[in-house]
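User: I would like to go through some of the labels given to side chains in this model. Please set each value against its cut-off.

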Amino acid sequence: MKRAIGLSLFLVAAGSGSAQAYTCSISADTLAFGQYDPITGAQVDGASEVSVSCSLLGLVSLLVSYEISLDPGTGGSYHPRALSSATDTLDYNLYVDTARTEIWGDGTDDTATVTDSYTLGVLTVTRYYPVYGRVFADQNVAAGVYDDTITATVEF
């Protein structure tokens, strides 16, 4: 018997920074894992992206640098994160690499952040950073729609 389990992860954006000669904003796309079948016990992978747009506040080229972090989500843990449906949870995680070995977090608890720097001219520059997700195999859960909300933050 195949159970329909819909999975989705909502990435929301937040920004922070001090008054500088440039400003940055962050946006994120929803990561849709598709369906998880606990009968086959196979893991489910998915991918999405976070984008950061930076603009100068003046007319001089400038070195821009920032750090992107992801919070642990509504489950409150990076090891593992949890998608939830009512009282049931499904373990998953988010990664900075395609091999899914480096957990994307806030730099604490053995997690990594993503940093970038480049020279910004007079145009707005938008850069895209992939988010790799994995729902772990062999989890016996009830049918339902499982989701989580992750806040992506750019600090510049």
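Analyst: This is a predicted model. A starting point is Arg-81, which lies in strand β6 (residues 81–85).

User: What makes Arg-81 a residue with no salt bridge?

Analyst: The nearest side chain of opposite charge is that of Asp-148, 5.6 Å away. A salt bridge needs a side-chain nitrogen of Lys or Arg within 4 Å of a carboxyl oxygen of Asp or Glu, so Arg-81 and Asp-148 do not qualify. Arg-81 is nevertheless buried.

User: Which polar partner does the side chain of Arg-81 have in another side chain, and why is it called a polar contact?

Analyst: The partner is the side chain of Asn-93, at 2.7 Å. The limit for a pair of N or O atoms is 3.5 Å, so this distance falls within it. In addition, a polar atom of the Arg-81 side chain lies 2.7 Å from the backbone oxygen of Trp-104. Beyond four places in sequence, Arg-81 touches residues including Leu-70, Asp-91, Tyr-92 and Ile-150.

User: Why is the pair of Tyr-66 and Tyr-118 called edge-to-face?

Analyst: Their centres are 6.2 Å apart, and rings pair if their centres lie within 6.5 Å. The planes are at 85 degrees, and over 60 counts as edge-to-face, so the label applies. Tyr-66 sits in strand β5 (residues 62–70) and Tyr-118 in strand β8 (residues 114–120), so the pair ties together parts 52 residues apart in sequence. Both Tyr-66 and Tyr-118 are buried.

User: How do you know that Tyr-66 and Tyr-129 are edge-to-face?

Analyst: The ring centres of Tyr-66 and Tyr-129 are 6.3 Å apart and the planes are at 85 degrees, so this pair is edge-to-face. Tyr-129 belongs to strand β9 (residues 125–135) and Tyr-66 to strand β5, so here the parts tied together are 63 residues apart in sequence. Tyr-129 is buried, as is Tyr-66. Ring pairs join Tyr-66, Tyr-118 and Tyr-129 into a cluster, and the structure holds 4 aromatic pairs.

User: What sits over the ring of Tyr-118?

Analyst: The charged end of Arg-127 does, 3.9 Å from the ring centre.

User: What makes the link between Thr-113 and Glu-67 a polar contact?

Analyst: Their side chains come to 2.9 Å, and the limit is 3.5 Å, so the contact counts. Thr-113 is in the loop between β7 (88–95) and β8. Thr-113 and Glu-67 are 46 residues apart in sequence, with their C-alpha atoms 6.7 Å apart. Other contacts of Thr-113 include Ile-68, Ser-69 and Trp-104.

Key
Residues numbered from 1 in each chain as written. Predicted model: local features only at pLDDT ≥ 70, side-chain atom pairs only at ≥ 80, totals over all residues. Heavy atoms only, no water. Phe/Tyr/Trp six-rings, centres within 6.5 Å; stacked < 30°, edge-to-face > 60°. Helix = DSSP H or I, 4+ residues; strand = E, 2+ residues; numbered from the N terminus. Buried < 20%, exposed > 50% of the residue type's maximum accessible area, 1.4 Å probe, protein only. Lys NZ or Arg CZ within 6 Å of the ring centre and 35° of its normal. Lys, Arg positive; Asp, Glu negative; His and termini not counted. Polar contact = N/O pair within 3.5 Å; in protein donor to acceptor, adjacent residues only side chain to side chain. Contact = heavy atoms within 4.5 Å.
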